[in-house]
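Reader: I should like to examine how the descriptive terms applied to this model are justified. May we take them one at a time?

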Amino acid sequence: MDFMLAGAAACGACLFTNPLEVVKTRMQLQGELKRWGSYRLHYRNVFHATYTIWKVDGLLALQKGLLPALLYQFCMNGIRLGSYALMETSGYTLSDGKISGAKSTVAGALAGVTGALLASPIYLVKTHLQVQSTSTIAVGHQYKHEGMLHALTTIYRRHGFTGLWRGSSSAVPRVIVGSASQLSTFSKTKQITNDLQVFKPGSWLVSLTAGMVSSVFVVLAMTPFDVVSTRLYNQPVDRQGKGTFYRGYLDCFSKTMRKEGLFGLYKGAGASYFRLGPHTILSLLFWEELRKFYWQ
């Protein structure tokens with residue numbers, strides 16, 4: 001049941017944050033492998049990007065890729081948070097009766113990798129659909145998918161089963177860093193808040209506070225890995241299904257650094273916080289409250 005509750009919580013958060021995911025994804029691909037100032041800046045910041053997409057592509061464009069985004073959140077976070085909850089309940093994350101930073105970090109990383117690898121094909125399709133836009137504001141490679149099922153069948157027919165897991169190597173470090181920093185800081189902050197009795201025991205404000213603190217650490221740690229992941233998933237491929245821009249994770253990382261500098265790895269950082277911050281807060285808050293409601 002923990003897996004179902006975790007998946008439902010993540011989907012609830014996704015409904016609110018998917019427009020920011022669309023903005024973040026496009027900003028991360030803007031000026032790909034080009035030096036600053038050598039390309040047209042379609043999206044100046046998260047607010048300008050939101051306005052531009054709304055104005056040019058329409059309001060519904062801000063919810064592009066919503067179906068695979070919901071499915072990805074349900075699968076990935078259902079497995080990730082559900083697995084973490086089982087390890088937490090079994091006492092694995094505890095040391096001398098208190099949350100262990102090292103153990104909770106390892107538990108979060110293991111839970112995250114499992115979920116990310118299994119849900120990687122859905123993330124691949126989600127990225128392709130969210131990037132699709134009118135040519136005047138297009139960034140990154142434009143795949144011509146007509147929807148989630150069309151995308152999955154097209155990729156499978158052209159590149160086989162392994163083609164559906166293209167880019168999954170980038171999901172591992174991305175989710176290890178994100179999940180480990182998120183769940184460890186969430187658990188630790190929740191414990192400190194309870195120990196200090198800042199709020200009444202069992203108050204939803206405890207989960208909200210822990211989620212807010214956790215979101216800051218997630219964005220700082222995860223953004224470079226997220227940029228690399230987005231680019232690997234979205235890059236064009238040849239007939240053999242091999243990427244034409246990057247040979248793999250380290251190649252993408254080094255090329256981005258060499259061409260765009262450190263700034264390139266933090267493209268869309270503002271959008272990442274506006275997306276990851278609320279998503280972290282909402283998903284963990286919903287997850288905690290759903291667990292309390294169910295187990296009452």
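Author: Certainly. The model is predicted. Let us begin with helix α6, whose buried residues are covered by elements including α3 (66–89) and α5 (120–131). The buried residues of α6 are M148, A151, L152, T154, I155 and G163.

Reader: What makes the span of α6 short of that of a straight helix?

Author: Helix α6 comprises residues 148–163, 16 residues in total. A straight helix would reach 22 Å at 1.5 Å a residue, whereas the end C-alpha atoms of α6 are only 15 Å apart. There is also a kink of about 90° in α6, and R157 is its centre.

Reader: Why is H279 called buried?

Author: Buried means under 20% relative accessible area. H279 has 6% relative accessibility and therefore counts as buried. This residue belongs to helix α10 (residues 269–294).

Reader: Which residues does H279 touch, leaving aside those up to four places away in sequence?

Author: H279 touches A10, A13, C14, T17, Q73 and N77. In addition, H279 and L20 are 9.7 Å apart in space, C-alpha to C-alpha, while being 259 residues apart in sequence.

Reader: How do you know that C11 and C75 form no disulfide?

Author: The search of the whole structure finds zero disulfides. A disulfide requires a pair of cysteine sulfur atoms within 2.5 Å. For C11, the closest cysteine sulfur is that of C14, at 6.6 Å, which is too far for a bond. For C75, the closest cysteine sulfur is in C11, at 8.4 Å, and this is likewise too far for a bond.

Reader: Are C11 and C75 buried or partly exposed?

Author: C11 has 17% relative accessibility, so it counts as buried. C75 has a relative accessible area of 29% and is therefore partly exposed.

Reader: What makes the phi of L33 and that of Q197 worth remarking on?

Author: Most residues other than glycine have a negative phi. L33, which is not glycine, has a positive phi near 60°. Q197 is not a glycine either, and its phi is positive at about 55°.

Reader: Where do L33 and Q197 lie?

Author: L33 lies in the loop between α1 (2–29) and α2 (46–57). Q197 lies in the loop between α7 (168–196) and α8 (204–234).

Reader: Why is Q197 called exposed and L33 partly exposed?

Author: Exposed means over 50% relative accessible area, and partly exposed lies between that and the buried limit of 20%. Q197 has a relative accessible area of 66% and is therefore exposed. L33, at 23% relative accessibility, counts as partly exposed.

Key:
Residues are numbered from 1 along each chain as its sequence is written. This is a predicted model: local features need pLDDT of at least 70, side-chain atom pairs count only at pLDDT 80 or more; totals for chains, interfaces and linings use all residues. Side-chain values use heavy atoms; hydrogens and water are left out. Helices (H or I, at least four residues) and strands (E, at least two) are DSSP runs, numbered from the N terminus. Buried means under 20% relative accessible area, exposed over 50%, partly exposed in between (1.4 Å probe, protein chains only). Contact means heavy atoms within 4.5 Å. The expected span of a helix is 1.5 Å times one less than its number of residues. The bend at a residue is the angle between axes fitted to the seven residues ending there and the seven starting there.
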